[in-house]
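Thanks for sharing this one; here are my notes, in numbered points. I start with a single residue and work outwards to the sheet and then the whole chain.

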Amino acid sequence: MLRDPENPYEEWEDTVWAPNQDAARSQCERIAEEYDLTEVINVTQAVKKQSKSGNYKFICWFRTEIKP
């Protein structure tokens with residue numbers, strides 16, 4: 001979570017594979033917890049076709065506060 005939204009920040013993205021949007025958001029939240037001062041901005045589905053394992057590709061959008 002950001003401490004001061006007025007501080008400079010950087011936005012970045014990562015991909016996850018999950019069976020649905022809720023599972024993807026949970027994975028994105030776990031990724032954000034690994035980085036200090038990071039929050040999930042959005043989670044979007046990148047493909048409409050399931051993989052052989054039954055998952056879809058999602059993009060996690062993050063914002064990380066830059067420490068002064």
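1. Let me begin with Glu39, which you will find in strand 2. Please keep in mind throughout that the model is predicted. Is Glu39 buried or partly exposed? With a relative accessible area of 22%, Glu39 is partly exposed, because the buried class ends under 20%.

2. Glu39 also shows how strand 2 sits against its partner. The bridge partner of Glu39 in strand 3 is Arg63. Thr64 is worth a look as well: 25 residues separate Glu39 from Thr64 in sequence, yet their C-alpha atoms lie 6.6 Å apart in space. The pairing of strand 2 with strand 3 is antiparallel and runs over seven bridges.

3. On the other pairing, strand 1 and strand 3 (residues 56–65) run antiparallel and are joined by 10 bridges. Two pairs are handy for checking the register on screen. Thr64 in strand 3 is the bridge partner of Glu10, and Ile59 in strand 3 stands opposite Thr15.

4. Put together, the three strands make an open antiparallel sheet with the order 1-3-2. Why is one side of strand 1 and of strand 2 left without a neighbour in the sheet? Strand 1 (9–18) and strand 2 (38–45) stand at the edges and have a single partner strand each, so one side of each has no neighbour there. On average, neighbouring strands of this sheet are turned by 25° against each other, ignoring direction.

5. Next, the helix. Helix 1 (residues 21–33) packs on the sheet and touches strand 1, strand 2 and strand 3. Its direction makes about 150° with that of strand 2.

6. How many of the 10 residues of strand 3 are buried? Seven of them are, which leaves strand 3 mostly covered. Phe62, which has its place in this strand, is a good residue to inspect. Its relative accessible area is 0%, so Phe62 counts as buried.

7. Which residues does Phe62 touch, leaving aside those up to four places away in sequence? The list includes Glu10, Glu11, Trp12, Glu13 and Asp14, then Cys28, Ile31 and Ala32, and also Thr38, Glu39, Val40 and Ile41. Glu39 from my first point thus turns up again among the contacts of Phe62. For scale, Phe62 and Val43 are 19 residues apart in sequence, with 9.0 Å between their C-alpha atoms.

8. Stepping back to the whole chain, one helix and three strands are present, and along the sequence they follow the pattern β-α-β-β. If you take contacts between residues at least 6 apart in sequence, 60% of them join residues at least 24 apart. Along the principal axes, the C-alpha atoms fill a box of roughly 45 × 15 × 15 Å.

9. Finally, the surface and the charges. Of the 68 residues in the chain, 29% count as buried. The chain exposes about 4,900 Å², of which carbon and sulfur atoms supply 47%. There are 9 positive and 13 negative charges, and the mean positions of the two sets are 12 Å apart.

Definitions and conventions
Residues numbered from 1 in each chain as written. Predicted model: local features only at pLDDT ≥ 70, side-chain atom pairs only at ≥ 80, totals over all residues. Heavy atoms only, no water. Pairing = 2+ DSSP bridges. Helix = DSSP H or I, 4+ residues; strand = E, 2+ residues; numbered from the N terminus. Axes fitted to C-alpha atoms, helices over the stretch in contact; angles between N-to-C directions. Contact = heavy atoms within 4.5 Å. Buried < 20%, exposed > 50% of the residue type's maximum accessible area, 1.4 Å probe, protein only. Areas by Shrake-Rupley, 256 points an atom, 1.4 Å probe, with all protein chains shown as cover. Lys, Arg positive; Asp, Glu negative; His and termini not counted. Charge placed at Lys NZ, Arg CZ, Asp CG, Glu CD.
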